[in-house]
Amino acid sequence: MTDRRPRWLYGVGSEPDPRFTLAHERTLLTWIRTAVGFAAAGGGILLAREALGEWAPQAAAVAFAVALVVAVGATVRWARMERALRLGEPLPGPTLAMLLVAVVVTGSLAAIVGVLR
């Protein structure tokens with residue numbers, strides 16, 4: 001047993017190979033960087049709202065919401081991966097990646113439609 005918290009995560013199974021733990025920690029940091037990018041995009045949209053028009057606040061809100069979902073989703077994914085490694089279970093699927101792909105595709109299609117109008 002360990003004194004690390006949360007116990008539901010660190011109090012189960014056995015210590016995995018540190019290389020795997022560190023690898024998925026790097027992945028967490030990459031997802032966090034992606035979330036920061038979306039937050040920065042939201043801030044940039046707000047700064048340029050006069051030039052971008054009336055849709056800017058809504059677009060900024062979407063970017064901030066995506067940042068929030070990615071940051072929380074990345075943390076949940078990291079915890080699920082760590083727990084699976086500790087219990088010797090199969091690793092969870094890439095749900096967060098599929099969600100982000102859907103957001104990027106939707107945003108890209110909306111931008112294309114907006115440009116073609």
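This section describes the confidence, helix packing, largest pocket and one cis peptide bond of a predicted model.

The mean pLDDT of the protein is 90, and residues at 70 or more make up 98% of the chain. Confidence varies between elements: helix 2 has the highest mean, at 94, while helix 1 (residues 7–10) has the lowest, at 84. Where pLDDT is low, predicted coordinates should not be read in detail.

Two helix pairs were examined, with helix 4 as a member of each. Packed helices are described by the angle between their axes and by the distance separating those axes. In the first pair, helix 2 (residues 18–47) packs against helix 4 (residues 56–87) at an angle of about 170°, and the axes are 7 Å apart. Because angles over 145 degrees count as roughly antiparallel, helix 2 is assigned as roughly antiparallel to helix 4. The contact between helix 2 and helix 4 comprises 24 nonpolar, 7 polar and 3 charged residues.

In the second pair, helix 4 packs with helix 5 (95–116). The angle is again about 170°, with the axes 10 Å apart. Helix 4 and helix 5 are therefore also roughly antiparallel to each other. On the helix 4 side, Val-66, Val-69, Val-70, Gly-73 and Ala-74 take part; these meet Leu-96, Leu-99, Leu-100 and Val-103 of helix 5. By class, this contact has 8 nonpolar residues, 1 polar residue and no charged residues.

The largest pocket has a volume of about 490 Å³. Its lining consists of 16 residues, and those nearest the centre are Val-62, Thr-106, Gly-107, Ser-108 and Ala-110. Helix 2, helix 4 and helix 5 are the elements that each give two or more residues to this lining. The greatest contribution comes from helix 5, with 8 residues. In terms of residue class, the lining of the largest pocket holds 12 nonpolar and 4 polar residues, and no charged ones. Charged residues are thus absent both from this lining and from the contact of helix 4 with helix 5, whereas the contact of helix 2 with helix 4 includes 3.

A cis peptide bond, with omega near 5°, joins Arg-5 to Pro-6. Pro-6 is located in the segment before helix 1, and helix 1 is the element with the lowest mean confidence, at 84.

Methods
Residues are numbered from 1 along each chain as its sequence is written. This is a predicted model: local features need pLDDT of at least 70, side-chain atom pairs count only at pLDDT 80 or more; totals for chains, interfaces and linings use all residues. Side-chain values use heavy atoms; hydrogens and water are left out. Axes are lines fitted to C-alpha atoms, for helices over the stretch in contact, and angles run from 0 to 180 degrees between N-to-C directions. Helices (H or I, at least four residues) and strands (E, at least two) are DSSP runs, numbered from the N terminus. Angles under 35 degrees count as roughly parallel, over 145 as roughly antiparallel, 65 to 115 as roughly perpendicular and the rest as oblique. Ala, Val, Leu, Ile, Met, Phe, Trp, Tyr, Cys and Pro count as nonpolar, Asp, Glu, Lys and Arg as charged, and the others, Gly among them, as polar. pLDDT is the predictor's confidence in each residue, from 0 to 100. On a 1 Å grid over the protein atoms alone, a cavity is a set of points where a 1.4 Å probe fits but cannot get out, and a pocket is an open set with protein on both sides within 12 Å along at least five of seven lines; lining residues have an atom within 4 Å of a point. Grid points are joined across faces, edges and corners, and a volume is the space filled by probe spheres set on the points. Contact means heavy atoms within 4.5 Å.
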